[in-house]
Amino acid sequence: MKKIFTLFLNLAGLGIFSLLAQENTENNSGQITGNFQTDAQYYIEDQSIGATAVKEYMLVNSWANFIYSNQNFSAGFRYEGYMNTLLGYPNSGGINDGIGIPFRWAMFSKDDLEITVGNFYEQFGNGLVLRSYEEKMLGIDNALDGFRIKYQLHKGINLTGLIAKQRYYWNHGPGIIRGFDGTIQINEVFQSLEESSLRLNIGGSFVSKFQHEDHPLYNLPDNVAAMSGRIMIRYKNFDINSEYAYKFNDPSLDNSYIFKPGQALLINTSYAKKGLGIVLSTKWVDNMAFRSDRNASLTDLNINQLPEITKNHIYVLPAFYPYATQPNGEWGAKAEIMYKIPKNTLLGGKYGTNVSLNYSRAHDIKKTQINDSTPVFPPASGTYGYNTKFFSIGDKLYFQDINFEISKKWSKKILSNFSYVYLIYNYDVLRGITGHGNVYAHIGIVDMTYKFENSSALKTEIQHMFTKQDEGSWVLGMIEYSLPGWFFTVFDNWNYGNPESKKHYYSIGFGHISGGTRIQLSYGKQRAGVMCIGGVCRNVPASNGVFVSISSTF
Amino acid sequence: MNKIILSLSLVIFALSMFAQDVPAVQLKDLNGKTVNTKSIINNNGKPVLISFFATWCKPCIKELNAFNENYDDWKEETGVRIIAISTDNSRSSNSVGPFVKSKGWEFDVYLDENGDFKRAMNVGEVPHTFLLDGKGKIVWQHKTYLDGDENKTFDVIKKVSKGQPIK
């Protein structure tokens, strides 16, 4: 059997080469594309920062995707290997260690129909009731595994139906997920409205999960449904985008097994014209954790994702204290103004100057007792839990962020970026501990780039964070020199305000990029903290050692 | 087993020798309208530059600013069309329109909210840029952005627009 398979593969290879040899051959044998990445770290014990060594000396996360496509058919798989999993990725009890093909799929599309079998990712609306996605740098992959059908009923009317189980490391979670989503783009449906300056989209989703469990105390629902409705209205430069979601009672580890239904509302409004963008957003969430296993926790088996509306900070110091949605109850609001001061004005200079101001705030919601004997917190398992009024705002502050940024190009050679950030971070709520209190942090950042004639450049960053709480104040300096295809970086992050010991976290590294391939090598220390991408976070332990990353797209 | 791996590599290598097509994936434009990738890459026989970015990604913004400053000259000389694909998820996807307008970017921007196009193009991290020739075939790609990389990008666009080999 193996021999026949090998022979078949060889013939296939030869066949393709012979096709290549013919000039102007129509490419009817399909194409294979893919990518590869490996991240390896060699760990060195360093008691001064709390970094540990590992028995394996070195840990490696790797994966490769292969996609074959030929006209209306495509199929692919992802080979993954964690030998063993890098520290700080979800890997409780070694559950993520191993090698295998956890992701494989085939898809067929013809005219208005698209059918996917196997693994896939999907998002309904803003993700309030269903979002399946992967974020490799966080170790998150809640891929669905099952069947999905997408059908365009009419121009502007799209339907999606799916039934699937969810990836749980190398296995599946216990629940079955059934989902349906429909969107109607009014201006597409009616040809007469195609050029209208008023645009209207509406959509709705229904998601149901099934998980049977014989609980000794409670009569848990086998089926839990969630639904949402959304609308987008755009008139000229104005835009409103809103979604409301409701979830039937879903006792789970997240909500301490209470029988209260959940709700979420998200409203985004914006105004945009050339040189100016204004965004106002608000959201309200109550008891909206939704997983395909009611006993799951952390980043496991989430069916939905409740997006943050706070700014996603990328500079190192403001990213120390990132916000994460509190699915058990939160209110949030954001206002953002982005403006380009025009060219050839006093403040705009020759190239124009970009300024932005961003403010966001998050609070708890008002919860009241269901009766005198039942406390609101911790919620009493097996009861309704608590009462709350829709869109009520509590007194407890979870997070606040005021930030201001100026980007200016001084000449063809000099670019700069100045930022100021003031954060209030409710450490107890956001890290799930008690007795730490709020962190108040002022951060200033100066980021300068000098471009040389020969496409090389020198980039420097100075960041300073002033705070009396947590580990105290920090200062960070970074220098990066780059020339085509290469970069070299040196940085030091100095925790000079730490009352216990003033620690340096330095790092030195270089990288090479050639087309779709990138190789990076660095040596240094990393602070213990929280790393967040797209609103989801993981704890990163302190580390000291050599880090190598190789990635390639082909 | 080794033979199978060797043979499989042969097939993959042989197939990857072809210039690649852009996969058909649904995106949203900034008006909320669904569009297919196949319909947006047409540029009347001229090259198309596709750049994956996110509003929170500093090197991406630098790269797209550099493209925008040169766009008029590049268009005049080569007829190139630039398309930017936002990989922002629903945390920031609603801000992409206002963000792009405030920057004054002249090129078309599309939303790839759940990363469908990103995955189909095998993009790991942003920024990642692809160049399509006049027939819509992917002939060149570049990961990351280092200051000054736009010079190299333009050299390649010029060659492709003239039908010259890239190397």
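## Two helices side by side in chain B

Let's start with a pair of helices: H3(B) and H6(B) cross in a right-handed way. Seven residues of H3(B) and six of H6(B) make the contact. On the H3(B) side you'll find B:Glu63, B:Ala66, B:Phe67, B:Asn70, B:Trp74, B:Glu77 and B:Thr78. The H6(B) side supplies B:Asp149, B:Glu150, B:Phe154, B:Ile157, B:Lys158 and B:Ser161. Keep in mind as you look around that this is a predicted model.

How is a pair like this described? Two packed helices get an angle between their axes and a distance between those axes. Here the axes of H3(B) and H6(B), the latter covering residues 149–161, come within 11 Å and cross at roughly 25 degrees. Angles under 35 degrees count as roughly parallel, and H3(B) and H6(B) are therefore roughly parallel to each other.

## The sheet in chain B

Now zoom out a little. Chain B has six helices and eight strands, and along the sequence they follow the pattern α-β-β-β-α-β-α-β-α-β-α-β-β-α. An open sheet of eight strands runs in the order E1-E8-E7-E4-E5-E6-E2-E3, and its pairing is mixed. Which strands sit at the edges? They are E1 (20–21) and E3 (34–36) of chain B, each of which pairs on one side only.

Further in, E2(B), residues 26–29, is joined by two bridges to E6(B), residues 108–111, and these two run antiparallel. Look for B:Asp29 there: its opposite number in E6(B) is B:Tyr110. Helix H3(B), residues 58–78, turns up again here, lying across E4 (48–53) and E5 (81–86) of chain B. The helix runs at about 150 degrees to E4(B).

## A buried helix, and chain B overall

Is helix H4 of chain B, residues 96–103, enclosed or open to the outside? Eight of its eight residues are buried, so H4(B) is largely enclosed by the rest of the structure. Reading along the helix, the buried residues are B:Val96, B:Gly97, B:Pro98, B:Phe99, B:Val100, B:Lys101, B:Ser102 and B:Lys103. Notice that the list includes two lysines, B:Lys101 and B:Lys103. Just past the end of H4(B) comes B:Gly104, with a positive phi of about 75 degrees.

For the whole chain, buried residues make up 51% of the 167 residues in chain B. There's also a lot of long-distance linking along the sequence: take the contacts in chain B with a separation of 6 or more, and 72% of them join residues 24 or more positions apart.

## Domains in chain A

Over to chain A, where the domain assignment gives three pieces. Domain 1 is made of 1–22 + 29–76 + 486–554, domain 2 of 111–270 + 288–307, and domain 3 of 309–470. From C-alpha centre to C-alpha centre, domain 1 and domain 2 of chain A lie 30 Å apart.

## Strands and hairpins in chain A

Follow E20(A), residues 353–363, to its partner E21(A), residues 397–409: they pair in the antiparallel sense over eleven bridges. One place to check this is A:Arg361, whose bridge partner in E21(A) is A:Gln400. E21(A) also pairs in the antiparallel sense with E22(A), residues 414–426, over eleven bridges. Here A:Asn403 has A:Val421 of E22(A) as its bridge partner. E21(A) and E22(A) make a hairpin, with four residues between them.

Later in the chain, nine bridges join E24(A), residues 457–466, to E25(A), residues 474–483, and the two run antiparallel. A:Glu461 faces A:Met478 in E25(A). E25(A) is in turn joined by nine bridges to E26(A), residues 486–495, again antiparallel, with A:Tyr481 opposite A:Phe488. E25(A) and E26(A) form a hairpin with two residues between them, and A:Gly485 in the turn has a positive phi of about 85 degrees.

## A closer look at A:Asn498

Where does A:Asn498 sit? This residue is in the loop between E26 and E27 (503–514) of chain A. A:Asn498 is partly exposed, with 14 other C-beta atoms within 10 Å.

What does A:Asn498 touch, leaving aside its neighbours within four places in sequence? Its contacts are A:Glu471, A:Gly472 and A:Lys503. A:Ile365, on the other hand, is 133 residues from A:Asn498 in sequence and 34 Å from it in space, C-alpha to C-alpha.

Key. Residues numbered from 1 in each chain as written. Chains lettered and ligands numbered in written order. Predicted model: local features only at pLDDT ≥ 70, side-chain atom pairs only at ≥ 80, totals over all residues. Buried ≥ 20, exposed ≤ 12 C-beta atoms within 10 Å, placed from the backbone. Pairing = 2+ DSSP bridges. Contact = placed C-beta atoms within 7 Å. Axes fitted to C-alpha atoms, helices over the stretch in contact; angles between N-to-C directions. Domains from an automatic or database assignment. Parallel < 35°, antiparallel > 145°, perpendicular 65-115°, else oblique. Left-handed = near helix turned anticlockwise from the far one by under 90°.
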